[in-house]
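I opened my notebook to look up how some strands pair and how some helices pack. Here is what I wrote down as I went.

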Amino acid sequence: MEELDDAERTEAAAQAFWEHNRSFVVTEDPAREKFYCLSMFPYPSGRLHMGHVRNYTLGDVIARFHRMQGRNVLQPMGWDAFGLPAENAAIQNNTAPARWTWANIDYMRGQLQRLGFAYDWSRELATCQPAYYRWEQWFFTRLYEKGLAYKKVSAVNWCPKDATVLANEQVIEGCCWRCDTPVERREIPQWFIRITDYAEELLNDLDQLEHWPEQVKTMQRNWIGKSRGIEMSFPLAAPLAGITEVPIYTTRPDTLLGVTCLAIAGEHPLAKALAEGRPELADFIAECRRSSVAEADMATMAKKGLDTGLKAIHPLSGRELPIWVANFVLMEYGTGAVMSVPGHDQRDWEFARAYGLPIEQVIAPLDPATPCDLATAAFTEKGRLLNSGEFDGLGFEQAFDAIAARLAANGKGRVTLNYRLRDWGVSRQRYWGAPIPMLYLADGGEIPVPADRLPVLLPEDVEMSGVQSPLKADPAWRRTTLAGQDVEHETDTFDTFMESSWYYARFTCPDLETAMLDPARANYWLPVDQYIGGIEHAILHLLYSRFFHKLMRDEGLVASDEPFTRLLCQGMVLKDGAKMSKSKGNTVDPEALIARYGADTVRLFMMFAAPPEQTLEWSDEGVAGASRFLKRLWKAVHAHLAEGKVPGGIDVAALDDEQRALRCKTHETIAKVSDDYGRRQTFNTAIAAVMELLNEIGRRGDRSSPAGLAVEREALEAAVLLLAPVVPHAAHALWRALGHDTPVIDTPWPRADASAMQRSHIELVVQVNGKLRGRVSAPADAAREELERLALADEHVQRFVDGKPVRKIIVVPGKLVNVVLG
């Protein structure tokens with residue numbers, strides 16, 4: 001029997017067995033219940049970090065558990081291979097992004113294999129492979145033909161360092177999410193996909209996702225941002241450039257009589273018309289363009305504006321209102337104009353204070369005790385109307401309906417639903433991505449690349465200058481012909497979230513050469529039963545994947561409405577209280593730990609140190625402790641086998657009390673661990689339960705009789721099986737050492753025997769004034785009075801009572817007795 005100290009040999013033997021027997025290669029089997037377990041695939045950065053190790057160990061434990069439950073388990077792995085880091089690294093290292101990426105993939109694949117993850121490597125894919133992005137390009141052309149993909153000039157977030165567009169979600173506190181460079185606003189032609197057409201379905205279907213964290217669903221609901229409001233028009237006092245009115249949308253029509261000005265975006269047609277003759281306005285609009293278009297940044301930046309001199313007419317009161325150009329209004333959101341209510345909107349209050357605009361109160365608190373001092377801040381809560389003429393005294397709902405009716409009667413407004421969600425901009429002005437499959441005609445028109453010309457290949461043998469995309473710099477690549485016409489390829493590439501929005505589906509049929517998906521195979525495996533990844537992907541990746549899945553459904557490629565049934569968002573790995581990073585010098589190298597302790601120890605620590613959704617604080621002592629526990633298990637099995645006897649079956653009737661107690665603990669542990677793995681997904685408590693079982697084996701194990709040996713064998717075998725998803729290499733060797741020909745991965749999960757868990761006696765903790773002072777054994781059906789008597793009679797307890805008056809005795813059935821002294 002191998003020694004655990006030789007973890008390298010033990011783990012290599014198990015991995016060789018799995019590879020030789022193709023243990024994790026699966027096919028569709030309609031006769032078996034399927035289970036598709038997927039961890040978010042990695043970007044091939046070059047090295048695994050501890051966050052990767054935790055994420056993929058969680059997925060592997062879940063996959064192995066369900067395999068032992070008899071399910072047909074698919075757990076694939078691939079590479080999210082396109083993206084800016086490869087371009088930047090290629091420039092720094094004077095190489096091509098493709099070479100850098102494939103070298104990293106080769107290295108990281110080896111790292112994953114050394115950790116013993118049960119992946120079906122026959123399904124491996126990389127998003128930079130033409131066989132993959134070909135079908136993404138084909139699907140985009142289908143969306144274009146359906147009118148779901150379109151191109152328009154748009155104000156975008158521009159990262160000047162990376163020279164590319166960023167989605168709003170990729171702007172963090174005004175800076176690029178990758179390089180922390182301050183973001184600018186620019187107007188450039190962009191390709192979009194109409195995610196807004198699916199806004200209502202994306203919102204409603206969140207209710208189907210019963211096994212998603214509520215936090216993720218709330219974040220998506222807020223991002224979609226459905227609201228009920230009124231779309232109304234403010235007529236211009238004097239038309240300009242053919243414009244006669246300014247439309248706006250508001251969810252707070254109850255504040256309408258408190259409007260003191262209108263604010264329009266720098267890109268609004270009125271602002272553009274005025275800017276031609278006003279240099280100061282043109283300069284201000286140019287300044288607005290240099291700021292981010294992300295809402296979070298708009299909310300925190302300094303509010304700036306310029307009076308246009310134009311006037312609008314209030315649709316109810318008829319008063320004239322000044323029109324300002326403001327940096328906090330975006331043409332991309334709503335109508336590009338907002339009504340400013342300084343008394344009841346904090347942003348408008350700050351703007352009014354900065355420029356001396358009137359601040360008028362039209363809402364009073366429902367509770368007179370509620371503070372409302374417009375000299376210090378806006379009152380933003382809903383309340384009762386005042387200074388609003390005929391609407392005075394109305395609450396919010398009454399005022400909404402009454403004002404909506406008056407506006408509708410005057411032809412000035414209507415109730416409508418609106419969404420915060422905006423269409424998905426998928427263009428990126430970079431090289432290392434899938435080329436957008438569109439062609440431009442000489443007359444300025446556009447057509448999709450025909451299906452028989454796909455994929456539009458990305459040239460891989462390129463030189464990276466860092467100044468211009470090789471696609472833009474290469475006329476031979478750009479220019480081509482179609483049906484005798486000269487045409488040019490689009491030189492933008494897809495946002496990499498396009499690739500990661502459907503990879504989970506391609507894993508079901510990665511070898512398919514004739515279509516994007518095989519519906520029969522895809523519908524066997526989909527939806528993914530368990531998806532694992534970080535909470536940071538709640539909006540970007542997870543929302544886009546849900547959207548893409550519905551697009552594929554409507555194309556007839558999949559039958560389900562949602563891609564992921566159950567979602568587990570694992571916490572970060574911290575060291576010294578901070579996220580691991582090279583800049584902080586607090587990283588831990590997984591390879592060094594594997595070399596020292598073995599992969600099983602690393603996996604065990606990752607699962608035991610914290611519940612999966614919580615942050616994990618790194619502990620070198622914790623890793624050493626995990627190693628010591630594995631050695632204890634190994635030694636316990638070794639000592640048991642050293643008896644040289646093969647125990648027979650268990651004669652329950654012949655067991656003594658100690659043997660019954662150990663057998664009871666074994667089956668209680670099986671029941672608890674099964675629930676912890678399956679329903680609760682609290683793997684740390686599952687491991688703790690097996691540790692307790694090993695302690696019980698040490699305390700009650702009896703090798704002096706066949707019955708005792710058989711009970712101990714049952715307990716040890718249960719411990720090995722219950723730990724097999726976490727420490728698969730050690731379990732593989734120990735199971736074989738215990739005399740089994742069937743490998744542990746193909747052994748059914750143990751089942752708890754209810755009859756074995758029926759205790760004739762139970763052990764209770766006895767406390768004196770809340771402190772542990774002894775333990776007593778009592779009949780399982782003992783009355784409260786009997787438990788009190790046994791507790792007070794215990795010799796250890798008597799030493800602490802020692803004639804003192806007993807004020808009361810607290811009994812927690814099945815657990816403890818607490819003697820409270822007076």
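**Entry 1: a parallel trio.** I started with strand β1 (residues 34-39), which pairs with β26 in the parallel sense over 3 bridges. This is a predicted model, so I read every entry with that in mind. For a register mark, I noted L38 standing opposite Y531 in β26. Then I followed β26 to strand β27 (residues 564-570), where I found parallel pairing over 6 bridges. Here Q530 has R566 in β27 as its bridge partner. How many residues of β26 are buried? I got 7 of 7 for this strand, residues 528-534, so I put it down as mostly covered.

**Entry 2: an open sheet.** Next I looked up a sheet of 4 strands, open, with the order β22-β21-β24-β23 and antiparallel pairing. Which strands are at its edges? I found β22 (446-448) and β23 (479-482), each pairing on one side only. From one strand to the next, the twist averages 40°. I checked the β23 edge too: 4 bridges join β23 to β24 (residues 485-489), and the two run antiparallel. T481 stands opposite D486 in β24. I also noticed helix α5 (residues 130-145) lying across β21 (438-441) and β22, at about 125° to β22.

**Entry 3: one helix, two sides.** I turned to helix α19 (residues 590-597) and asked which of its residues are buried. My list reads P590, L593, I594 and Y597. Seen down the axis of α19, these buried residues fall within an arc of 100°, so they line one face of the helix. The face turned away from that buried side carries A595 and R596, both exposed. What covers the buried residues of α19? I wrote down α1, α2 (50-68), α20 (599-608) and α21 (620-641) as being among the covering elements.

**Entry 4: a helix crossing.** Since α1 had come up as part of that cover, I looked at its packing with α25 as well. Helix α1 (residues 7-20) and helix α25 (residues 728-737) pack at about 85°, and their axes are 9 Å apart. The two helices are therefore roughly perpendicular to each other, as 65 to 115 degrees is the range for that label. On the α1 side I listed T10, E11, A14, Q15, F17 and W18, which meet P728, H729, H732 and A733 in α25. By class, I have 5 nonpolar, 4 polar and 1 charged residues in this contact.

Note on methods. Residues are numbered from 1 along each chain as its sequence is written. This is a predicted model: local features need pLDDT of at least 70, side-chain atom pairs count only at pLDDT 80 or more; totals for chains, interfaces and linings use all residues. Side-chain values use heavy atoms; hydrogens and water are left out. Axes are lines fitted to C-alpha atoms, for helices over the stretch in contact, and angles run from 0 to 180 degrees between N-to-C directions. Angles under 35 degrees count as roughly parallel, over 145 as roughly antiparallel, 65 to 115 as roughly perpendicular and the rest as oblique. Contact means heavy atoms within 4.5 Å. Ala, Val, Leu, Ile, Met, Phe, Trp, Tyr, Cys and Pro count as nonpolar, Asp, Glu, Lys and Arg as charged, and the others, Gly among them, as polar. Two strands pair if DSSP finds at least two bridges between them. Buried means under 20% relative accessible area, exposed over 50%, partly exposed in between (1.4 Å probe, protein chains only). The arc is that of the directions from the helix axis to the C-beta atoms.
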